[in-house]
Amino acid sequence: MADAVTELKSRIDKTLDDLRKELTKVRTGRASPNLLDGIRVDYYGTPTPLSGVANITSPEPRLIVIKPWERTVLKDIEKAIREANLGINPMNDGEVIRLPFPPLTEERRKEIAKQVKTKGEDHKVAIRNIRRDANEAIKAQLKDKKITEDDSKRLTEKVQKETDDGVKKVDEIISKKEKEVMEV
């Protein structure tokens with residue numbers, strides 16, 4: 001009976017996790033090693049995650065330093081970063097690669113904030129779709145006489161409450177990220 005609500009909660013949590021994960025890749029004014037998560041380096045013919053071939057650190061707020069475990073991979077790492085089109089120019093000194101992050105312009109910040117809002121809206125839509133699925137499951141149980149009218153009403157209210165909570169959390173995550181982006 002409460003299966004629909006339990007599944008709804010777990011799907012909403014997954015949606016929120018996905019949003020958080022997507023937002024780690026959004027560039028703020030700070031240099032974050034998470035920006036490099038999707039980058040794969042050609043390592044002896046195998047596309048390997050950057051973190052699998054090098055140590056990635058952020059010693060300063062506007063700098064990422066990549067120290068490969070093998071110097072032979074430096075050129076491949078540099079090439080992969082350029083191809084990732086992050087808008088950052090890698091500087092290779094033969095030992096490490098430095099990624100200096102220039103400060104964002106006001107216009108670019110607003111653009112990024114808009115992207116963040118769009119991601120938030122997409123995830124709100126996903127949560128509402130999850131609500132629809134849960135409500136349909138409840139209606140099906142009522143139709144099959146597995147639950148009573150009262151149970152159906154109670155479960156539908158629970159589903160709505162969970163949905164509202166999920167949407168509120170999305171708003172909180174988005175506003176926090178927007179503040180981060182707009183911070184100079």
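This report walks through a predicted model of one protein chain, from its overall build down to a few single residues.

## The big picture

Let's start with the parts list. The chain contains 4 helices and 6 strands. Reading from the N terminus, these elements come in the order α-β-β-β-β-α-β-β-α-α. The chain is more spread out than a compact globule, because its radius of gyration is 22 Å, well over the 16 Å that the globule rule gives for 184 residues. You can also picture a box: along the principal axes, the C-alpha atoms fill roughly 70 × 40 × 25 Å.

How much of the chain is buried? Of its 184 residues, 36% count as buried. The accessible surface comes to about 11,300 Å², and carbon and sulfur atoms make up 50% of that surface.

Contacts also say something about how the chain is put together. Among contacts with a separation of 6 or more, 63% join residues that sit 24 or more positions apart. As for charge, there are 39 positive and 35 negative side chains, and the centres of these two sets lie 1 Å apart.

## Two nonpolar cores

Which residues touch the most other members of the largest nonpolar core? Leu23 and Val116 do, in a core of 24 residues. Helices α1 (3-24), α3 (106-143) and α4 each supply at least two residues of this core. There is also a second, separate core of 19 residues, and its members include Ile39, Leu74, Ala80 and Ile97.

Now zoom in on Leu23, which lies in helix α1. Leu23 is buried, with a relative accessible area of 3%, so it falls under the 20% limit for that label. Not counting residues up to four places away in sequence, Leu23 touches Val116, Lys119, Ile173, Ile174 and Lys177. Its partner Val116 is 93 residues away along the chain, yet the C-alpha atoms of Leu23 and Val116 are separated by 7.3 Å.

Val116 has its own list of contacts. Leaving aside neighbours within four places in sequence, Val116 is in contact with Leu23, Val26, Ile174, Lys177, Glu178 and Val181.

## Buried residues elsewhere

Thr28 sits in the loop between α1 and β1 (40-43). Being in a loop doesn't keep Thr28 in the open: at 7% relative accessibility, Thr28 counts as buried. What does Thr28 contact, leaving aside its neighbours within four places in sequence? The answer is Leu104, Lys177, Glu180 and Val181. For a sense of distance, Asp76 is 48 residues from Thr28 along the chain, and their C-alpha atoms are separated by 26 Å.

Thr48 lies in strand β2 and counts as buried at 14% relative accessibility. Leaving aside neighbours within four places in sequence, Thr48 is in contact with Ile39, Arg40, Val41, Tyr43 and Val53. One of these, Ile39, is a member of the second core. Thr48 and Asn135 are 87 residues apart along the chain, with their C-alpha atoms separated by 43 Å.

Then there's Ser152, placed in helix α4 (residues 149-182). Ser152 is buried too, with a relative accessible area of 9%. Setting aside neighbours within four places in sequence, Ser152 is in contact with Ile138, Leu142 and Ile147.

Here are the three C-alpha pairs side by side.

| Pair | Residues apart along the chain | C-alpha separation |
|---|---|---|
| Leu23 and Val116 | 93 residues | 7.3 Å |
| Thr28 and Asp76 | 48 residues | 26 Å |
| Thr48 and Asn135 | 87 residues | 43 Å |

## Two residues with a positive phi

Most residues other than glycine have a negative phi. Keep that in mind for the next two residues.

Tyr44 is not a glycine, but it has a positive phi of about 50 degrees. Tyr44 is placed in the loop between β1 and β2 (46-49). Is Tyr44 buried or exposed? Tyr44 is exposed, with a relative accessible area of 63%.

Lys145 is also a residue other than glycine with a positive phi, and here the value is near 60 degrees. Lys145 lies in the loop between α3 and α4. Lys145 is exposed as well, with a relative accessible area of 72%.

Methods:
Residues numbered from 1 in each chain as written. Predicted model: local features only at pLDDT ≥ 70, side-chain atom pairs only at ≥ 80, totals over all residues. Heavy atoms only, no water. Rg over C-alpha atoms; globule rule 2.2 N^0.38 Å. Buried < 20%, exposed > 50% of the residue type's maximum accessible area, 1.4 Å probe, protein only. Contact = heavy atoms within 4.5 Å. Areas by Shrake-Rupley, 256 points an atom, 1.4 Å probe, with all protein chains shown as cover. Lys, Arg positive; Asp, Glu negative; His and termini not counted. Charge placed at Lys NZ, Arg CZ, Asp CG, Glu CD. Core = buried A, V, L, I, M, F, W, Y, C linked by side-chain atoms within 4.5 Å.
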